Amino acid sequence: MTANILVLMALLSIILPLPLVGDYYSNLYEVNAQSNTNPLGNILSHFFGNITNTFNQLAKKPEYTINVVGNQIFPNNTLKANIVDKYQPSTYNIKDLKYNLLGFNVAAHNIKIHVYSSKIDANRTRVDIPVMLASNVTVTNGIINLNYGQVDLGSVYGIYDKPTDKMMIHIPFAVASKYLHL
């Protein structure tokens with residue numbers, strides 16, 4: 001199949017540039033030669049351009065994102081204000097955290113978390129989470145059921161949005177693949 005495509009491409013590259021015979025056709029060819037009307041060239045350019053764009057997008061975003069409600073990350077309003085308004089580093093515990101990642105339902109319990117925060121703008125705060133240790137974690141999707149005694153989700157970060165009271169958590173591929181077996 002690949003050999004056939006290569007032969008076809010070679011033949012078309014020979015046939016398409018040949019000048020047409022006669023004055024009328026010769027002038028027509030000259031006009032067309034000035035613009036890129038090679039359909040195979042356009043198709044190949046588009047095809048390889050799409051592959052390149054897809055690869056570039058994957059390379060730019062080496063992480064998964066999930067959205068969680070503020071009260072899942074911040075156990076109380078005082079702690080939340082200290083982190084997202086006063087930008088104070090904090091260490092605290094979360095009883096439970098439940099979310100969906102790539103069709104997997106994840107439930108983590110007894111989570112120890114350490115955060116650093118910084119202001120992005122009036123409505124958004126970046127929350128770096130270098131330490132996030134959870135115990136008794138289940139990962140299921142109906143077919144696969146995984147259980148972990150201890151999970152280290154360190155190296156994640158979130159962008160907290162005050163008006164919506166939601167945080168988009170960014171999980172690196174390397175961290176997620178250790179537990180989702182991707």
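Here are three short exercises, with worked solutions, on a predicted model.

**Exercise 1. Strand β6 and its neighbours**

Task: Work out which strands pair with β6, and in which sense.

Solution:
- Step 1. Begin with the strand itself: β6 covers residues 156-161 and is mostly covered, with 5 of its 6 residues buried.
- Step 2. Look towards β4, residues 124-140: this strand runs antiparallel to β6, and 6 bridges join the two. To place the pairing on screen, find R124, which stands opposite D161 of β6.
- Step 3. Now turn to β7, residues 166-172, which pairs with β6 over 5 bridges, again in the antiparallel sense. A handy marker here is Y160, whose bridge partner in β7 is M167.
- Step 4. Follow the chain through the hairpin of β6 and β7: 4 residues lie between the strands, and D165 takes a positive phi near 55°.

So β6 pairs antiparallel with β4 and with β7.

**Exercise 2. Two residues with positive phi**

Task: Y87 and N110 both have a positive phi without being glycine. Where does each sit, and is each buried, partly exposed or exposed?

Solution:
- Step 1. Recall the background: most residues other than glycine have a negative phi. That is the reason to give such residues a second look.
- Step 2. Take Y87, with a phi of about 55°. Its place is in the loop between α5 (77-84) and β2 (90-101).
- Step 3. Assign its exposure: the relative accessible area of Y87 is 26%, so this residue is partly exposed.
- Step 4. Take N110, with a phi of about 50°. This residue is found in strand β3, residues 104-119.
- Step 5. Exposed means over 50% relative accessible area. N110 has 55%, and therefore counts as exposed.

**Exercise 3. The surroundings of H170**

Task: Describe where H170 lies, whether it is buried or exposed, and which residues it touches.

Solution:
- Step 1. Locate the residue: H170 belongs to strand β7.
- Step 2. Check its exposure. The cut-off for buried is under 20%; H170 has a relative accessible area of 10%, so it is buried.
- Step 3. List its contacts, leaving out residues up to four places away in sequence: H170 touches E63, Y64, T65, V156, Y157 and I159.
- Step 4. Pick out the polar contact: the side chains of H170 and E63 are joined at 2.8 Å.

Putting this together, H170 is a buried residue of β7, with a polar contact to the side chain of E63.

Note on methods. Residues numbered from 1 in each chain as written. Predicted model: local features only at pLDDT ≥ 70, side-chain atom pairs only at ≥ 80, totals over all residues. Heavy atoms only, no water. Buried < 20%, exposed > 50% of the residue type's maximum accessible area, 1.4 Å probe, protein only. Pairing = 2+ DSSP bridges. Polar contact = N/O pair within 3.5 Å; in protein donor to acceptor, adjacent residues only side chain to side chain. Contact = heavy atoms within 4.5 Å.
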